[in-house]
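Please look through the structure shown below with the help of a short walk from one helix to the next. The text starts from a single residue and widens from there.

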Amino acid sequence: MTTHALGDTGVLTGRSLRHILRSPDTIITTAVTPVALMLLFVYVLGGAIHTGVSGSYIDYMLPGILLITIASGIAYTAYRLFLDLQGGIFERFQSMPIARPSVLWAHVLTSLVANLTSIAIVIGVALIMGFRTGASVGAWLAVVGILVLFTLALTWLAVIAGLSAKTVDGASAFSYPLIFLPFISSAFVPTESMPGPVAWFAEHQPVTSIVNTMRALFAGQPVGSDIWVALAWLVGILVVAYALAIGQYRRRVS
């Protein structure tokens, strides 16, 4: 983006962030479901789940919970984008000398800030519940980088949903399968414990490689080839979603 576009994006991002600051319940609501899942799995179901690895169950499950946090949060991006479209904000921006992509980037960057805030809340609760990590500063930075990529990839999918939806419910409903996806992965139980076809799907879907990478980083262990598989999935989804979202936006405002 040019300097002009960056300036426009900054102004519009500030507008979106002010909306969130006026209604912080968005961030709180996003964090409530993952925290409730942590309480349920750790204190109710955790004793019956055997992961085959040492350490507490919350150490094992936290990467999956963080991904669920993001999958829950991006629904609000689609919702806010849909409301802007219905409210005529986009048409108003078209009549102003504003770089067109900056409108979408403002929503994406707002999603990134909101989701990272929710993640910080969830990690804070996990620490209170007993989560411990031997991760180095570099490993933490790698985890944050993965979470940022995951948020960006899913947020651009949310942009597509927000631009394509016909109703408010339709704008946010797309996130439900994404929230459910970590449950069919190695996020909560080893994939070896699943029936054959389910185990095959769990092994080859993107969440498993992402979760395995984050878990190894938190534990201070070698990540192996999982990190390259995870990055390939994340970058691939991000590039495709971005291209489709920009194309959908141009058709919508043309």
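A106 is found in helix α5 of what is a predicted model, and this alanine has a relative accessible area of 2%, so A106 counts as buried, the limit for that class being under 20%. Along the chain A106 and R15 are 91 residues apart, yet in the model their C-alpha atoms are separated by 8.4 Å.

Helix α5, which covers residues 100–128, also holds V103. With a relative accessible area of 5%, V103 is buried, and its C-alpha atom lies 10.0 Å from that of G10, a residue 93 places away in sequence. V103 and A106 can be read with the geometry of a helix in mind. In an α-helix there are 3.6 residues to a turn, so residues that are three or four places apart point the same way. A further residue of helix α5 is L116, and here the environment is described by another class, because a relative accessible area of 30% makes L116 partly exposed. The C-alpha atoms of L116 and V144 are 8.9 Å apart in space, while 28 residues separate the two in sequence.

These pairs can be set against the chain as a whole. The secondary structure of the protein chain consists of 11 helices and 0 strands, so that, when the sequence is read from its start, the pattern is α-α-α-α-α-α-α-α-α-α-α. If one takes the contacts between residues at least 6 apart in sequence, 80% of them join residues at least 24 apart. Of the 254 residues in the protein chain, 49% are buried, and the accessible surface comes to about 11900 Å², with 69% of that area belonging to carbon and sulfur atoms.

Helix α3 runs over residues 57–86, and 26 of its 30 residues are buried, which leaves the helix mostly covered. How does its length fit its number of residues, and what span should one expect at 1.5 Å a residue? The 30 residues should span 44 Å, and the end C-alpha atoms are 45 Å apart, which agrees. The axis of α3 nevertheless bends by about 35° at P63. Within helix α3 lies S72, which counts as buried because its relative accessibility is 13%. Once neighbours within four places in sequence are set aside, S72 is in contact with T30 and I179.

Helix α10, made of residues 206–219, offers another case in which span and residue number can be set side by side: its 14 residues reach 20 Å from the first C-alpha to the last, close to the 20 Å expected at 1.5 Å a residue. Because 12 of these 14 residues are buried, α10 is largely enclosed by the rest of the structure. Among the buried residues of α10 are P206, V207 and T208 towards the start of the list, as well as R215, A216, L217 and F218.

The last stop is at the surface. V44 is found in helix α2, which spans residues 25–45, and is it buried or exposed? V44 is exposed, because its relative accessible area is 57% and the class begins over 50%. V44 also takes part in a nonpolar surface patch of about 470 Å², which it makes together with L39, L40, Y43 and L45.

Key: Residues numbered from 1 in each chain as written. Predicted model: local features only at pLDDT ≥ 70, side-chain atom pairs only at ≥ 80, totals over all residues. Heavy atoms only, no water. Patch = residues over 30% accessible without salt bridge, like charges linked within 9 Å, V, L, I, M, F, W, Y side chains within 5 Å. Areas by Shrake-Rupley, 256 points an atom, 1.4 Å probe, with all protein chains shown as cover. Salt bridge = Lys/Arg side-chain N within 4 Å of Asp/Glu carboxyl O. Buried < 20%, exposed > 50% of the residue type's maximum accessible area, 1.4 Å probe, protein only. Helix = DSSP H or I, 4+ residues; strand = E, 2+ residues; numbered from the N terminus. Expected span 1.5 Å × (residues − 1). Bend = angle between axes of the 7 residues up to and from the residue. Contact = heavy atoms within 4.5 Å.
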